[in-house]
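The following exercises concern a predicted model. Each task is followed by a worked solution.

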Amino acid sequence: MRTALVIGTGLIGTSAALALARRGVAVHLADHDPGQARTAAALGAGTDEAPDGPVDLAIVAAPPAHVAKVLADAMRRGLARGYLDVASVKGGPRRELEALGLDLTFYLGTHPMSGREKSGPLAATADLFEGRPWVLTPTRDTDTEVLNLALELVSHCRAVPVVMDADAHDRAVALVSHMPHLVSSMVAARLEHAEESAVRLCGQGIRDVTRIAASDPRMWIDILSANPGPVADLLSEVAADLTETVRALRDLESADAARRGEGSAGIADLLRRGNAGQVRVPGKHGSAPRAYETVVVLIDDQPGQLARIFADAGRAGVNIEDVRIEHATGQQAGLVQLMVEPQAQAALKEALRERGWALRQ
Ligand SMILES: NC(=O)c1ccc[n+]([C@@H]2O[C@H](COP(=O)([O-])OP(=O)(O)OC[C@H]3O[C@@H](n4cnc5c(N)ncnc54)[C@H](O)[C@@H]3O)[C@@H](O)[C@H]2O)c1
Ligand SMILES: O=C(O)C(=O)C[C@]1(C(=O)O)C=C[C@@H](O)C=C1
């Protein structure tokens with residue numbers, strides 16, 4: 001691929017454009033808000049000037065409700081040799097395009113399974129898709145050259161291509177993305193009017209569960225409107241678990257020992273099923289989940305502390321697999337959790353202690 005046109009230069013469009021530009025592809029950037037395309041260009045994602053003629057691949061990264069219209073317009077204007085979109089739902093946009101009477105030979109519906117709770121080009125990064133699944137939904141009629149262009153895009157973004165049927169994709173993301181998003185919002189909604197004295201105690205657990213609740217509601221209304229049935233089915237199952245859990249907790253409040261036993265068994269069953277589901281979540285780079293050990297370091301809230309920790313770990317020959325930072329509310333200190341391979345834990349602790357870091361047991 002030598003040339004590409006990204007239409008919709010927000011988080012996803014600009015991230016893909018940055019990855020392509022770094023691999024030497026000439027990227028043109030367009031957005032219905034020209035300021036967004038200008039910002040993406042200023043970040044090094046390409047040029048916001050229109051291409052002279054048709055590009056190799058047009059990548060539509062507009063919100064789901066606009067995707068079909070934007071694609072149809074691009075196809076009618078002959079802007080590219082191949083067209084794809086990256087919308088979070090796949091059945092709806094394809095059916096809308098079919099209803100518009102377009103020839104879909106040169107179109108491929110795709111979806112990178114990576115994102116952030118932030119929108120816009122300033123949230124974009126070239127490595128956003130690294131190691132993540134990128135779903136491709138070709139049909140029997142999809143042109144091979146277009147499929148190859150899409151595979152080239154996925155490879156430039158260092159993502160992992162996964163081929164699926166569009167409706168099967170929508171059912172799968174209802175389970176692993178759309179239903180969890182709503183549950184995260186429901187948990188976060190409990191905090192809206194909560195006492196400040198409770199909210200200030202928030203630790204890493206609630207941060208993990210509510211991060212995605214910070215996403216743009218307009219985008220998520222689009223996504224959920226295009227996949228309501230499968231998400232409603234899954235939420236009914238969650239509702240049944242909720243009803244059972246409330247019943248079990250009420251049993252635990254009872255003065256009757258037998259009822260307390262039933263309550264305890266009910267909760268234990270849910271927690272066991274939770275463990276069994278959680279271990280199925282793939283780890284970094286889409287591989288099987290890995291068990292890391294954690295080394296917790298106390299840091300002052302001063303510039304350069306993290307860089308020093310990483311440099312000291314590097315000198316000790318230890319690879320940091322993952323990192324989390326927890327700030328103590330109202331204090332000039334924080335805790336950095338460094339995740340490492342189990343066999344590296346002792347060496348890292350020793351090296352950090354030698355260099356004067358305070359470790360938490
Ligand atoms: N955010 C995620 O985590 C994520 C992950 C994977 C896929 N997606 C999909 O990627 C697409 C873009 O999402 P995003 O998170 O980058 O959103 P975003 O809000 O960051 O960016 C969307 C951009 O599209 C532009 N736009 C809106 N209507 C347009 C139109 N008619 N023509 C041209 N540009 C238009 C907006 O100005 C904005 O710059 C969506 O379809 C979304 O479903 C999002
Ligand atoms: O991690 C996030 O912040 C996301 O928004 C990612 C996420 C997801 O649910 O995994 C959200 C929607 C997209 O369609 C794809 C990825």
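**Exercise 1.** Identify the residue that follows helix H1 (11-22) and has a positive phi, then examine the length and burial of H1.

*Solution.*
Step 1. After H1 comes Gly24, with a positive phi near 85 degrees.
Step 2. The expected span of a helix is 1.5 Å times one less than its number of residues. For the twelve residues of H1 this gives 16 Å, and the end C-alpha atoms are 17 Å apart, which agrees.
Step 3. A residue counts as buried if 20 or more other C-beta atoms lie within 10 Å of its own. Eleven of the twelve residues of H1 are buried, so the helix is largely enclosed by the rest of the structure. Among them are Leu11, Ile12, Leu18 and Leu20.
Step 4. The cover over these buried residues includes strands E1 (3-7), E2 (26-30), E3 (55-60) and E5, together with helices H2 (34-42) and H5 (144-156).

**Exercise 2.** Locate Arg158 and determine whether this residue is buried, partly exposed or exposed.

*Solution.*
Step 1. Arg158 lies in the loop between H5 and strand E7 (160-163).
Step 2. Its phi is positive, about 55 degrees, although Arg158 is not a glycine.
Step 3. A residue is buried at 20 or more C-beta neighbours within 10 Å and exposed at 12 or fewer. Arg158 has 17 inside 10 Å and therefore counts as partly exposed.

**Exercise 3.** Describe the shell around ligand 1 by its closest residues, its contributing elements and its residue classes.

*Solution.*
Step 1. Ligand 1 is surrounded by 29 residues, of which Gly8, Gly10, Ser88, Gly115 and Ser119 are the closest.
Step 2. At least two shell residues each come from H1, helix H3 (64-76), strand E5 (107-112) and helix H9 (217-225). The largest share, four residues, is supplied by H3.
Step 3. Sorted by class, the shell contains 14 nonpolar, twelve polar and three charged residues.

**Exercise 4.** Characterise the packing of H3 against helix H4 (residues 91-99).

*Solution.*
Step 1. Two packed helices are described by the angle between their axes and the distance between the axes.
Step 2. For H3 and H4 the angle is about 35 degrees and the axes are 9 Å apart. The crossing of H3 past H4 is right-handed.
Step 3. On the H3 side, the contact is made by Pro64, Val67, Ala68, Leu71 and Ala72; H4 contributes Pro93, Glu96 and Leu97.
Step 4. The contact of H3 with H4 thus comprises, by class, seven nonpolar residues, no polar residues and one charged residue.

How values were computed:
Residues are numbered from 1 along each chain as its sequence is written. Chains are lettered from A and ligands numbered from 1 in the order in which they are written. This is a predicted model: local features need pLDDT of at least 70, side-chain atom pairs count only at pLDDT 80 or more; totals for chains, interfaces and linings use all residues. A residue is near a molecule or strand if its C-beta atom, placed from the backbone, lies within 6 Å of it. Axes are lines fitted to C-alpha atoms, for helices over the stretch in contact, and angles run from 0 to 180 degrees between N-to-C directions. A crossing is left-handed if the near helix is turned anticlockwise from the far one by less than a right angle, and right-handed if clockwise. Two residues are in contact if their C-beta atoms, placed from the backbone, lie within 7 Å.
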